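User: I'm new to reading protein structures and would like a close look at one part of this one. Please start with the whole chain and then zoom in.

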Amino acid sequence: MGAHVLSYVPQGHREVLFLSEKSEYTPTGKAIRGGIPLCWPWFGPADPSRIPGAATAHGFIRQVMWQLATWQETQEATEVVLEARDTEESRKIWPFPFRVSLRVSLGAQLELALTTVNEGTQPFAYEEALHTYYAVGDCRSISIQGFQGCAFRDKAPATPPAPNPQPGEITLTEETDRVYFHCPGEAVIADPVMGRRIRIQKEGSDTGVVWNPWIAKSRRMPDFGDEEYRNMVCVENANVDYDGRRLSPGERHVLQVRIAVESL
């Protein structure tokens, strides 16, 4: 149904994406816990006061039937473009004509481009994210660089509160759920247990999210193992909060990310 990248194993490296052993694969639109789910046209919990049709977290795009638009294979990469459009059912939730495409290129790097086009006669505003789950050897040993000096909104408040703006690299010691602002540059996950760095470059995005559910929340999620938090972290490229986009009729916006792996 929805477009979803489940795995990426570049030559000479182990799996880059985390996928829960308890993920549910159903036709009901429930997100798969891992890989790269798409969040669109809102991010976070459903808010019927803001979007009357909102019912599920992170939007409805995974509930829309996607079609294969193009596919090609070269010596350098395999590229697939998937496309989704508004339907009678989607317009009951969000009453705008749209076209969304996801280009996925798998080669020495994993490249994704999420393109939104306003195909109606009225402007619309939306939020989006590539909700990427990365596999790590031990989340307590990793460091995440690229957010130094960025202010953030803490959705899982620490006790005591974490220093804000981010004073240096991010390390994980408890539940972490932060939306970072004004962070258009590269992020790097340094993973000494797996002996690698994951480099995440993006375009068309000024906000990002770092998430790990830690112990208590992991135990509350039915589609996530109690100890799986140790082997994952989400570093998400996004257009949320002030960075949400507004498109006039005929306009488009592209959110792009390039993911590369190198040995430490």
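What percentage of the 264 residues in the protein do buried residues make up? After that, please walk me through the open sheet of eight strands.

Analyst: Happy to! This is a predicted model, where local features need pLDDT of at least 70 and side-chain atom pairs count only at pLDDT 80 or more, while totals for chains, interfaces and linings use all residues. Residues are numbered from 1 along each chain as its sequence is written, and side-chain values use heavy atoms, with hydrogens and water left out.

To your question: buried residues make up 50% of the 264. Buried means under 20% relative accessible area, exposed means over 50%, and partly exposed lies in between, using a 1.4 Å probe and protein chains only.

The protein has two helices and 17 strands. These are DSSP runs numbered from the N terminus: helices are H or I with at least four residues, strands are E with at least two.

Now the sheet. Its eight strands follow the order E2-E3-E4-E5-E17-E13-E12-E9, with antiparallel pairing; two strands pair if DSSP finds at least two bridges between them. E2 (67-73) and E9 (143-145) stand at the edges with a single partner strand each, so one side of each has no neighbour in the sheet. From one strand to the next, the twist averages 15 degrees (axes are lines fitted to C-alpha atoms, and angles run from 0 to 180 degrees between N-to-C directions).

Look next at E17 (residues 252-263), which is joined to E5 (residues 110-118) by eight antiparallel bridges. Here Leu110 stands opposite Ile259. Eight bridges also join E17 to E13 (residues 196-203), again antiparallel, and Arg199 faces Ala260 across that pairing. Out at the edge, E9 and E12 (residues 187-191) pair over three bridges, with Gln145 opposite Val188.

Some residues of these strands also belong to the largest nonpolar core, which has 61 residues; among those touching the most other members are Leu112, Ile144, Ile189 and Val233. Such a core is a set of buried Ala, Val, Leu, Ile, Met, Phe, Trp, Tyr and Cys residues joined through side-chain atoms within 4.5 Å. Leaving aside residues up to four places away in sequence, Val233 touches Ile144 and Ile189, among others; contact means heavy atoms within 4.5 Å. Apart from this core lies another, of eight residues, including Phe43 and Val179. In soluble globular proteins, nonpolar side chains tend to be buried together.
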